[in-house]
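Welcome! Take a moment to look over the sequence and the 3D view before reading on.

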Amino acid sequence: MNKFYKILVMFQRGEKITRSRLLRINGVTTELLDSCIEQGLLMEIDKTDFGEIRYIITEKGISIRDN
């Protein structure tokens, strides 16, 4: 299992998840989340009304998660 799996498994195609929710997952650090974004596995899609960043999984992220 790759190091990003615990983040990627949280997403369904098109589902938006906030940064704070992802950081509440046991073992997910800011560095791991940022690395996931830098690798192109997640992409910032918008912000909530409170200014919180939301992400969606990319096709590359789906491929990594499912293999």
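This report looks at the sheet and then at the nonpolar core; please keep in mind that the model is predicted.

## The sheet

Let's begin with the strands. Three of them, in the order 1-3-2, make up an open sheet with antiparallel pairing. Strand 1 (17-18) and strand 2 (42-47) are the edge strands, each pairing on one side only.

## How the strands pair

Try tracing strand 2 beside strand 3 (residues 53-57): the two run antiparallel and are joined by 5 bridges. Along this pairing, K47 stands opposite I53 of strand 3, and D46 has R54 as its bridge partner in strand 3. The hairpin of these two strands has 5 residues between them, and there G51 takes a positive phi near 85°.

Now turn to strand 1, which is joined to strand 3 by 2 bridges, again running antiparallel. Here you can find I17 opposite Y55 of strand 3.

## The nonpolar core

The largest nonpolar core has 16 residues, and those touching the most other members are I7, L8, F11, L22, C36 and L42. At least two core residues come from each of helix 1 (5-8), helix 3 (30-38) and strand 3. Helix 3 gives the largest share, with 3 residues.

## A closer look at L42

Which residues is L42 in contact with, leaving aside its neighbours within four places in sequence? The list is a good one to follow on screen: I7, L8, F11, L22, L33, C36, I37, Y55, I56, I57 and T58. You have already met one of these, Y55, as the residue of strand 3 opposite I17.

Terms used: Residues are numbered from 1 along each chain as its sequence is written. This is a predicted model: local features need pLDDT of at least 70, side-chain atom pairs count only at pLDDT 80 or more; totals for chains, interfaces and linings use all residues. Side-chain values use heavy atoms; hydrogens and water are left out. Two strands pair if DSSP finds at least two bridges between them. Helices (H or I, at least four residues) and strands (E, at least two) are DSSP runs, numbered from the N terminus. A nonpolar core is a set of buried Ala, Val, Leu, Ile, Met, Phe, Trp, Tyr and Cys residues joined through side-chain atoms within 4.5 Å. Buried means under 20% relative accessible area, exposed over 50%, partly exposed in between (1.4 Å probe, protein chains only). Contact means heavy atoms within 4.5 Å.
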